[in-house]
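I opened the model to look up how one helix packs, how one loop residue is placed and what makes up the nonpolar core. My entries follow in that order.

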Amino acid sequence: MTPQIVRTLAFQPNERNIFFHILTACNLSCRHCYINPAQHGNATLAKETIADWLTLFADQDKNSNVIFLGGEPTLHPDLPFAVKKARQLGYRTITVDTNGYLHHDLLNKIGPEEAVLSFSLDGPEAAVNDPLRGSGVFEVCTANIRRAVALGFETSLIYTVSSLNIAALRRMPALVKALGIRNFFIQIIGLRGNSAGDDSSGLQLSPEEWLTQVPPVAAEAAALGLHVIYPKVFLDASEPFVCAGEAAENFFIFPNGRVYRCPLCEDFPVHSFEITADRHLRPNSGLREEQFFSLRIPEGCVMNKMLQPSNISYNSDGRPRYRISCCLLKQEIMSSMV
Ligand code: SF4
Ligand code: SF4
């Protein structure tokens, strides 16, 4: 077997990542959708607002990256403008996270050198994917991935693992490879939006399910030549706990002007900042997520302990069996021959 490189991707102090939700509307209604209109609004940002907010967060002194999100960002007719504006402002990488529908003829409105296209697919075939993401989605998404790859776009695929599709995960690497995608991102189901709802109890994974099934599939995918990234989730005993809210510059921007530093907080009005009508970034008044970031507990991430305590288990002496890492800490695995 080809040797593999496995490493934890440490937070980079000279990097800034902008997760920019330019609207919350979507043509799908996925079972685990994390969009929460009560907290994120249902606005579609005006073209001028997108330009202003991109300018507000562009930092020439940092490696700035922007990821356009929704809802479904390709539903926004001004997405091509947003991509070009971000490039003009010096963003180092520009990514569009899409459900695969590529509305408004996106592939003919931007060039392959202008943005990376990241497709979400939650099953290796329609029988697994479509009950989670919608009837007919597998066929549309895979057809558009093939079109994007043929046109020369850099592509990635995000697979959100839940109890409903973890058994099918091992069949994904072959599909990703066959589609011509190089980057394979395995995501864990969160407890946000729909996943936090009443019918979500069947979606969550146990630590054992994650640890016994995800890393081996990631290694198999890397052996096929794929670049694989997946959340660390459980820290090794020797690894320090680091909160991205303190050690990195991540901004999760929603169309109602809320700006979060931690994705786990997005269902609550504890955002760090608000973008004001006159385009300034103002600290949110009242309780703010940042007040939790410096708390140190044996369980690791304090927001996880508060919001998702069911994924922590304890030894008979009361000590946690695992420390939970920051949800933004990633593990990378790839063949050393790549
Ligand atoms: S494609 Fe994304 S935004 Fe749309 S319903 Fe699915 S998870 Fe939600
Ligand atoms: S997930 Fe936890 S560790 Fe990461 S930014 Fe949020 S509070 Fe900090």
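I looked first at helix 4 (residues 126-133), whose buried residues pack against helix 5 (137-150); helices are DSSP runs of H or I of at least four residues, strands are runs of E of at least two, and both are numbered from the N terminus, while contact means C-beta atoms, placed from the backbone, within 7 Å.

The model is predicted, and I kept in mind that local features need pLDDT of at least 70, side-chain atom pairs pLDDT 80 or more, whereas totals for chains, interfaces and linings use all residues. Residues are numbered from 1 along each chain as its sequence is written, and chains are lettered from A and ligands numbered from 1 in the order in which they are written.

I listed V128, N129, L132 and R133 as the buried residues of helix 4, where buried means 20 or more other C-beta atoms within 10 Å of the residue's own, exposed 12 or fewer, and partly exposed in between. Seen down the helix 4 axis, these residues fall within an arc of 95 degrees, so they line one face of the helix; the arc is that of the directions from the axis to the C-beta atoms. Just after helix 4, I found G134 with a positive phi of about 130 degrees.

I then turned to A237, in the loop between strand 9 (234-235) and helix 8 (244-247). A237 counts as exposed because it has 6 C-beta neighbours inside 10 Å. Its C-alpha atom is separated by 8.3 Å from that of Y322, 85 residues apart along the chain.

Technical notes:
Two residues are in contact if their C-beta atoms, placed from the backbone, lie within 7 Å.
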